[in-house]
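Student: I would like to look closely at a single part of this structure and to understand how it is joined to its surroundings. Could you please take me through one such part in a connected way?

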Amino acid sequence: MENGIISEQIQQLFFRKKEWIKTFTPLLHLVDSTANALIGIKNIRTGKPDFRFEVLDKMDVDIKNLVSSFNSQRTADEISYFIENPWILEGRKRDENYFFSSYAEVFKYKWVKIYNEQGNLETASLLLLRDGHLRVPYVFSTESSDLKRFIQFLNIFIIQNRIKMMTVYNETLNQKIKESALLSSIYEKDFKRDYLFRKELLLSLPKNFNPQLQDGDGDCMMT
């Protein structure tokens with residue numbers, strides 16, 4: 001959480017659960033301000049990466065070629081369709097009777113291109129930013145990439161965009177993040193996501209079947 005240890009959302013959650021916590025509001029703000037100041041000092045040392053990268057709003061030819069070289073559950077054109085026709089619209093309109101709001105103050109897709117020392121595209125990733133929450137729906141990376149540059153980019157992106165929380169289900173990326181000291185975190189929690197299959201289908205699948213699913217292959221891609 002790069003936007004402070006005690007965010008406004010967390011404070012509101014505490015206040016709804018425990019009324020007596022409101023008594024400590026001044027102390028909470030003091031701790032939050034102190035934490036932000038310390039994080040700000042740390043972030044001063046975070047400069048531009050020493051490698052080439054690009055951030056785009058739409059998929060270009062290079063990204064499409066890389067995506068098409070993978071055995072993905074969604075084609076490059078299908079991914080672009082979701083980006084160009086978002087389910088969530090930016091705005092302050094809210095429907096209090098509907099839990100899954102169709103509006104968000106910030107809802108953006110960003111394609112990231114990471115290049116190696118030779119100037120070749122080694123990683124293309126789709127990021128989804130919604131109200132301070134960063135998701136990584138897709139990561140397409142060549143075998144020669146160790147994702148170190150991409151993780152370094154994520155660290156800078158988190159700081160620059162004041163990200164409060166990042167959710168990653170990509171097992172390879174998660175493992176690389178744990179092995180790396182580049183991406184610092186105040187708090188992390190493991191989540192498990194299960195997939196449902198019909199029993200008849202499971203019987204017909206190979207023993208070590210891997211559907212090669214990414215986060216973007218589910219409905220999280222749209223919300």
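Tutor: Let us begin with glutamate 54, which counts as partly exposed because its relative accessibility is 22%. Please keep in mind that this is a predicted model. The side chain of glutamate 54 meets that of lysine 113 in a salt bridge, with 4.0 Å from N to O. Glutamate 54 belongs to strand 1 and lysine 113 to strand 4, so this pair ties together parts that are 59 residues apart in sequence. Lysine 113, for its part, is buried, since its relative accessible area is 1%, and the cut-off for buried is under 20%. Side chains of opposite charge can pair when their charged atoms come close. Both residues also take part in a network of salt bridges that links Arg52, Glu54, Asp60, Asp62 and Lys113.

The part to examine is therefore strand 4, which is largely enclosed by the rest of the structure, because seven of its nine residues are buried. A second salt bridge starts from this strand: lysine 110 pairs with aspartate 57, and their closest N and O atoms are 2.5 Å apart. Lysine 110 lies in strand 4 and aspartate 57 in the loop between strand 1 and helix 3, so that distant parts of the chain, 53 residues apart, are linked. Lysine 110 counts as partly exposed, at 22% relative accessibility, and aspartate 57 is likewise partly exposed, at 49%.

We may now turn to the sheet. Strands of a sheet pair through backbone hydrogen bonds, either parallel or antiparallel. Here five strands form an open sheet with mixed pairing, in the order 1-4-5-6-7. Strand 1 (53-56) and strand 7 (165-167) stand at the edges and have a single partner strand each, so one side of each is left without a neighbour in the sheet. From one strand to the next, the twist averages 25 degrees.

Strand 4 pairs with strand 1 in the antiparallel sense over four bridges; within this pairing, valine 55 has valine 112 as its bridge partner. Strand 4 is also joined to strand 5, with which it runs antiparallel, by nine bridges. There, the bridge partner of tyrosine 109 is leucine 128 in strand 5. The hairpin of strand 4 and strand 5 has five residues between the strands, and in it glycine 119 takes a positive phi near 85 degrees.

The loop of this hairpin also contains a charged contact. Glutamate 117 forms a salt bridge with arginine 149, and the closest N and O atoms are 2.5 Å apart. Glutamate 117 lies in the loop between strand 4 and strand 5, whereas arginine 149 lies in helix 5, 32 residues apart. Glutamate 117 is exposed, with a relative accessible area of 64%, while arginine 149 is buried, with 16%.

Beyond this loop, strand 5 (residues 121-130) pairs with strand 6 (residues 133-141) in the antiparallel sense over seven bridges. Helix 5 (residues 148-160) packs on the sheet and touches strand 1, strand 4 (107-115), strand 5, strand 6 and strand 7.

Helix 3 (residues 61-68) completes the surroundings of our strand. Its buried residues are Ile63, Leu66 and Val67. Seen down the axis of helix 3, these fall within an arc of 100 degrees, so they line one face of the helix. Strand 4 is among the elements that cover them, together with strand 1, helix 4 (76-84), strand 5 and strand 6.

How values were computed. Residues are numbered from 1 along each chain as its sequence is written. This is a predicted model: local features need pLDDT of at least 70, side-chain atom pairs count only at pLDDT 80 or more; totals for chains, interfaces and linings use all residues. Side-chain values use heavy atoms; hydrogens and water are left out. Two strands pair if DSSP finds at least two bridges between them. Helices (H or I, at least four residues) and strands (E, at least two) are DSSP runs, numbered from the N terminus. Axes are lines fitted to C-alpha atoms, for helices over the stretch in contact, and angles run from 0 to 180 degrees between N-to-C directions. Contact means heavy atoms within 4.5 Å. Buried means under 20% relative accessible area, exposed over 50%, partly exposed in between (1.4 Å probe, protein chains only). The arc is that of the directions from the helix axis to the C-beta atoms.
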